[in-house]
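Please take the sequence and the model together, and follow the description below from the whole chain down to single residues.

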Amino acid sequence: MSRIRSAAALDRRTFLAATGAAGAATGLGLAFGLGGDRAAQAATVAPAPVPAEPLTVRAPAAPHAPYTQGTTLASVATPRGGTPGYRRLADGPAWSRVVRADLAGAHSGRDRRRTALASFVQFTDLHLVDVQSPLRYEYLRAETASAWRPQEALSVAGVVSLIERINALPGGPATGAPLSFVITTGDNTDNNSKLELDWFLTAMSGGRITPNSGDPRRYEGVQDSGLTLYWQPDSALHDADKKLGFPHLHGFLDAAIRTVHSPGLRLPWYSTVGNHDSLPGGCYAPGDPFFTELATGGRKLETLPAAEAAKVWKAVKDGLDPKGKDFKRLLKAHAKQARTITPDERRAPFTRAEYLKAHLDPARTGPGPHGHGYTAACLAENRLYYTFPVSDHVLGISLDTTDPGGHYTGSIGDGQLRWLQRVLKQEAKGAGRHVLVFSHHTSKTMTNTNPDPAHPHEKRHGGAELAEVLGAHPGVVAWINGHSHMNDITPHGSFWEVSTASHIDFPQLARIIELVDNHDGTLSLFATLVESAAPHRTDFGDLSQTGLAALYRELSFNAPEARKDLVGTPRDRNVELLVKRPTGR
């Protein structure tokens with residue numbers, strides 16, 4: 001096991017940012033078999049350029065040695081048996097680490113020379129979802145099974161279990177260096193809903209969440225509709241999913257809306273916005289009062305003829321209706337077929353300003369920093385992009401790649417691109433830090449040039465152009481993102497693009513990222529995937545919070561038409577990514 005000079009190399013800010021992530025996960029008794037003091041540490045990292053007040057800190061524990069337990073380097077949830085239909089998960093073989101020297105040579109002895117520069121965690125595509133919202137379009141399942149997932153009602157329990165996993169980690173698995181923070185890369189919510197935003201912020205900062213809306217006494221959604229199109233877990237009805245082997249689980253829906261307790265992250269955390277956070281339904285231009293009336297109202301469409309579902313699905317998939325005009329006509333035409341449910345004002349879509357204000361609420365600060373990257377200046381300027389210090393030697397840049405003109409693919413406006421170029425230019429002339437860029441969309445999914453209604457004459461820029469801008473600045477080491485729900489790592493000449501799978505679709509992962517200097521003219525970016533703290537094996541009789549989190553993973557694996565390529569290849573999972581160290585840094 002290689003020795004990393006992390007104690008000497010990690011700078012003051014990185015150590016102050018580290019919190020007690022090594023503490024045992026709530027109620028799970030996770031242990032890593034490593035020595036050292038695992039006492040909680042508390043601190044905050046200030047988003048540039050406005051520093052936050054530092055929290056009281058305790059002396060950080062000494063960095064641990066590299067480890068594997070609790071990561072996919074030790075074990076991965078894997079299906080048992082080879083029979084078709086519903087398959088149970090169990091502990092499976094680990095994913096080994098692959099060295100990728102696409103951009104720089106892997107010199108011998110680097111494991112003895114290297115020093116750690118940064119160590120943190122990426123969450124992406126959490127999709128905390130109010131499954132009872134009338135704004136959802138589950139009825140498109142008549143055309144594609146992917147329009148509705150049988151695991152969705154358990155998203156809150158799944159995310160809390162992921163937080164428990166991160167709280168239990170003793171540091172970066174490749175270096176043993178303390179983890180400094182967690183950053184989300186968008187789609188924190190699913191329906192651009194105020195209620196979902198509240199669930200997300202509570203999960204991250206700690207507190208009680210009741211994942212229910214409408215009638216406070218019972219579930220009202222497609223899973224108690226009696227429609228064979230959806231899995232009816234509490235009913236003996238032989239629905240389409242039960243025909244594939246899905247179980248009959250009496251009490252599932254009551255358990256799914258039961259209050260969940262989140263310990264909150266013990267690390268500071270930052271937030272990046274995604275299309276499901278900014279756009280109603282994840283794809284329609286915001287600001288139309290129709291979407292508020294629909295989301296908060298008492299009618300929910302649950303079924304649609306297959307031919308009409310096919311038309312709507314094509315429009316959504318191809319971005320043919322970014323303002324939702326055809327969508328509105330469809331819902332009005334089928335209003336009489338909609339189910340009556342309990343209205344709920346909390347389901348209303350939130351605006352950009354409301355998103356920022358919610359993050360800036362002092363009650364949501366948790367372990368810090370205040371605003372989680374967003375500042376009062378962001379609110380005043382109505383912008384969702386910012387910079388923050390990853391460490392004394394590394395700058396983080398969080399972008400807003402959602403197109404306000406509608407559609408789920410992305411782009412950035414001319415103003416944001418010029419801002420990014422200024423930041424990179426100033427960094428090259430000034431501190432000369434290494435740069436990590438964070439966004440929701442990938443380079444391949446930034447193909448949307450719909451004009452921003454607030455800036456109709458502003459040019460929009462796609463992923464290829466953004467990659468070219470980043471490649472022109474030698475300090476950029478990596479572009480880290482999500483959106484595609486797939487593990488995919490791509491070299492771009494002088495930097496790496498690291499795309500990570502979601503936490504709603506299997507394999508339900510987060511990624512630990514560690515940047516080190518090899519002191520041989522190269523840097524290494526270690527990327528290690530982790531699952532939630534829930535056990536791989538499920539027990540259909542266990543509907544506790546932990547049992548539901550385990551079931552969340554197993555249901556996602558078995559979801560009809562779920563893509564099996566989202567896990568990526570071994571070169572996209574646990575990796576060491578070599579890159580040339582820019583001169584002067």
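The paragraphs that follow go from the overall make-up of the protein to its pockets, its aromatic rings and three of its residues.

What is shown here is a predicted model, and the protein in it contains 15 helices and 21 strands. Of its 585 residues, 63% are buried, while the accessible surface amounts to about 20900 Å², with 54% of that area belonging to carbon and sulfur atoms. As for how the chain meets itself, among the contacts with a separation of 6 or more, 77% are between residues that stand 24 or more positions apart.

A reader may next turn to the pockets. The largest pocket has a volume of about 1000 Å³, and 41 residues line this pocket, of which Ser146, Arg149, Trp313, His485 and Asp505 are the closest to its centre. Two helices, α7 (275-278) and α9 (306-318), each contribute at least two residues to that lining, and it is α9 that gives the most, with 3 residues. Sorted by class, the lining of the largest pocket consists of 15 nonpolar, 14 polar and 12 charged residues.

The second largest pocket has a volume of about 690 Å³. It is lined by 34 residues, and those closest to its centre are Arg352, Asn382, Pro404, Asp452 and Ala454. Here the elements that provide two or more residues of the lining are α7, α8 (289-296), α11 (352-360) and α13 (414-429), with the largest share, 3 residues, coming from α8. By class, this second lining divides into 14 nonpolar, 11 polar and 9 charged residues.

The aromatic side chains offer another way into the model, which holds 23 aromatic pairs. How are the rings of tyrosine 86 and phenylalanine 246 placed towards each other? Their centres are 5.0 Å apart and their planes stand at 75°, and because planes over 60 degrees apart count as edge-to-face, this pair is of the edge-to-face kind. The two partners come from distant parts of the chain, 160 residues apart, since tyrosine 86 sits in the loop between β1 (76-79) and β2 (89-92), whereas phenylalanine 246 belongs to the loop between β6 (207-209) and α6 (252-256). Tyrosine 86 and phenylalanine 246 are both buried.

A stacked arrangement is found for phenylalanine 120 and phenylalanine 181, whose rings lie 4.7 Å apart from centre to centre with 5° between the planes. This pair, too, links distant parts of the chain, for phenylalanine 120 is in strand β4 (residues 115-123) and phenylalanine 181 is in the loop between α4 (155-168) and β5 (182-184), 61 residues apart. Both phenylalanine 120 and phenylalanine 181 are buried, and both take part in one aromatic cluster, whose other members are Tyr270, Phe350, Tyr355, Tyr374, Tyr386, Phe388 and Phe438.

Three single residues complete the tour. Strand β4, already met through phenylalanine 120, also holds glutamine 122. Why does glutamine 122 count as buried? Its relative accessibility is 0%, and because buried means under 20%, glutamine 122 falls into that class. Leaving aside residues up to four places away in sequence, glutamine 122 touches Ile183, Thr185, Ile480, Asn481, Gly482, Thr500, Ala510, Arg511 and Ile513. One of these contacts can be followed along the chain, for glutamine 122 and alanine 510 are 388 residues apart in sequence, yet their C-alpha atoms are separated by 5.9 Å.

Alanine 255 lies in helix α6, and with a relative accessible area of 4% this alanine is buried as well. Apart from residues up to four places away in sequence, alanine 255 touches Leu543 and Leu548. From alanine 153 it is 102 residues away in sequence, and the two C-alpha atoms are 9.8 Å apart in space.

The last of the three is glutamine 416, which is located in helix α13, one of the elements that supply two or more residues to the lining of the second largest pocket. Glutamine 416 has 6% relative accessibility and therefore counts as buried. Its contacts, again not counting residues up to four places away in sequence, are with Tyr385, Leu399 and Asp400.

Conventions:
Residues are numbered from 1 along each chain as its sequence is written. This is a predicted model: local features need pLDDT of at least 70, side-chain atom pairs count only at pLDDT 80 or more; totals for chains, interfaces and linings use all residues. Side-chain values use heavy atoms; hydrogens and water are left out. On a 1 Å grid over the protein atoms alone, a cavity is a set of points where a 1.4 Å probe fits but cannot get out, and a pocket is an open set with protein on both sides within 12 Å along at least five of seven lines; lining residues have an atom within 4 Å of a point. Grid points are joined across faces, edges and corners, and a volume is the space filled by probe spheres set on the points. Helices (H or I, at least four residues) and strands (E, at least two) are DSSP runs, numbered from the N terminus. Ala, Val, Leu, Ile, Met, Phe, Trp, Tyr, Cys and Pro count as nonpolar, Asp, Glu, Lys and Arg as charged, and the others, Gly among them, as polar. Buried means under 20% relative accessible area, exposed over 50%, partly exposed in between (1.4 Å probe, protein chains only). Contact means heavy atoms within 4.5 Å. Accessible areas come from the Shrake-Rupley method with a 1.4 Å probe; for residues, only the protein chains shown count as cover. Rings of Phe, Tyr and Trp (its six-membered ring) pair if their centres lie within 6.5 Å; planes under 30 degrees apart count as stacked, over 60 as edge-to-face and the rest as tilted.
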